[in-house]
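The following exchange sets computed values for one protein model against the definitions behind the terms. Each answer ends in a conclusion drawn from that comparison.

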Amino acid sequence: MKVGLPRSPHWNFAFDLHDDDKRSAHNDDHCATTDEPRMSALFRITPSLWDKIHHFASFPQTGVSLQQMVLFGQNPSQGTLLKASQFLAEELPVRLAHRVKELDELPHSLSDMPSIKKVKNWYAQSFEELITFPPVNLPPDVRRALNGTSSDGSLLPEPTPNPSLAQMVEDYANNPHLHTSFNSAAHPPAKSGNGFNKLKLRVPMERRYFSPPSSLSLPPQVQDYNARFTKTLEQIKTRHDPTVTTVAQGVLEWKRSRNAPNIGLDVQAWLDRFYMSRIGIRFLIGQHIALNSQGSHQDYVGIICTNANVHDIVQESIENARFVCEEHYAMFRGPPVQLICPPHLEFAYVPGHLSHIVFELLKNSLRAVVERFGVDCENYPPIKVVVVEGTEDITIKISDEGGGIPRSAIPLIWTYMYTTMEGQGVAEDFNASDFKAPMAGFGYGLPLSRLYARYFGGDLRLIAMDGFGTDVYIHLNRLSSSREPLP
């Protein structure tokens, strides 16, 4: 069965709207700009809370793979949902604590910016809500069955290392400090420690996140606990909707305070780590909410589409990008886009991630072609999108004749806040869910798209021919076995 995306030209403008976000984008925007930020404005991190944050930040994060999430979430029962709730109640505070600690220790006084402090308080408040969430009361025999190991061979397969971590190390290899920070994420310490700066060992995810026996009888308080925990996750997700734009505003505040034209490598590396972590947190929360609130669907496990049709997703991204281009330039017909793709190519993926990547890249290509040949051109050279299935990857190549990029500017295109469009900045209403400006030049499209590709073990690469055009390669891991690249 082919599974595509809604044919709405406005569906895909946001930076971080996943499948679960589509149905509530309007409500999320309303909540994010009214109740939740006002509540967080009164929040303060107490010394005792700081102690807990440092304690949780001393534990390593536990990465999951797309394959694990699909296998675990198929036909979920209240027992499997309880195991998922318990896993997230343990895992999310660790991830949030790492980010709070990092937000408090940013270089060059970036931590002092008002918008950065606001985001730090959001993360700390969510952390506190999770660690104080009342646990479920279970009879001893049920608790033993849930906390024991799986007896029916239903343990999840172990994930494979994500190649993106090694790529991130390579990206910043010229800076010893940055190399160390990424390398520690790729190769965590093997021994446990007691200090705040040492990572402690944890039981591997595949030994904790398994399906309990189907014969296990669960009391009614389990369903109540799952419902209450899901409601808490929905509130946390809404609170963090404006994180991307608020952090961008904080970086802008810092640049203005220092008269800096561009951000440095250390800030760039932190933004990569922070936004990659955000993608992971929102994926776990969105997946859990979908499993608890949606009925079963033949092609979906939560927000993961097990038979995502690449042709349909790319075609709809093409239509959306062309619509935005024609609207922005007031054109009757924009540059044509040719799609060469097997019509029945399907694999397990989050459609919103793929749609976001393709849409952003096509938007760049369309703008480059229009600005090179002019809005009055009657015969634009076509943009070509070629999709090929390999043994490990599905690769999408987007080729345009928009004039290319000078070789000296190639490193800058992966830099946040760098844009070739004049007069762009974060709007005054930056608390909206995420950037939604068509053809926007905020400088977040390429670096964030690369993070989305790398999250499940893929990558994004660009080759430019200055004076002619640009080829962009999207590599998607079709095996779905790579664990998250947790920084």
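**Strands β6, β7 and β8**

Q: Which residue in β8 does M465 stand opposite?
A: M465 stands opposite G469 in β8. The model is predicted, so local features require pLDDT of at least 70 and side-chain atom pairs pLDDT 80 or more, while totals for chains, interfaces and linings use all residues. Residues are numbered from 1 along each chain as its sequence is written, and side-chain values use heavy atoms, with hydrogens and water left out.

Q: How do you know that β7 and β8 are joined?
A: Two strands pair if DSSP finds at least two bridges between them, strands being DSSP runs of E with at least two residues and helices runs of H or I with at least four, numbered from the N terminus. Strand β7 (residues 459–465) has seven bridges to β8 and runs antiparallel to it; the criterion is therefore met. In the β7–β8 hairpin, with three residues between the strands, G467 takes a positive phi near 100°.

Q: Which strand do eight bridges join to β8?
A: That strand is β6 (residues 393–400), also antiparallel to β8. I398 stands opposite V472 in β8.

Q: What makes strand β8 largely enclosed?
A: Buried means under 20% relative accessible area, exposed over 50%, and partly exposed in between, with a 1.4 Å probe and protein chains only. Seven of the nine residues of β8 (residues 469–477) are buried, so the rest of the structure largely encloses the strand.

**Aromatic rings**

Q: Why is the pair of F56 and F127 called edge-to-face?
A: Rings of Phe, Tyr and Trp (its six-membered ring) pair if their centres lie within 6.5 Å; planes over 60 degrees apart count as edge-to-face, under 30 as stacked and the rest as tilted. This rule gives 15 aromatic pairs. F56 and F127 are 5.2 Å apart, centre to centre, with 85° between the planes, so both conditions hold. F56 lies in helix α4 (residues 47–57) and F127 in helix α7 (residues 114–131), so the pair ties together parts 71 residues apart in sequence.

Q: Why does F56 count as partly exposed?
A: F56 has 22% relative accessibility, between the two limits and therefore partly exposed. F127, at 0%, is buried.

Q: What makes F283 and Y455 an edge-to-face pair?
A: Their centres are 5.8 Å apart and their planes are at 70°, so they satisfy the rule. F283 belongs to helix α13 (residues 265–293) and Y455 to helix α16 (residues 445–455), 172 residues apart. Both residues are buried.

Q: How far from the ring centre of W414 does R450 lie?
A: R450 lies over the face of W414, at 4.3 Å from the ring centre. The rule asks for NZ of Lys or CZ of Arg within 6 Å of the centre and within 35 degrees of the ring normal.

**Backbone and exposure**

Q: Why is A330 called exposed?
A: Its relative accessibility is 71%, over the upper limit, so A330 is exposed. A330 sits in the loop between α14 (310–328) and β3 (337–340) and has a positive phi of about 55° although it is not a glycine.

Q: Why is H108 partly exposed?
A: The relative accessible area of H108 is 37%, in between the limits and hence partly exposed. H108 is in the loop between α6 (78–103) and α7, with phi near 60°.
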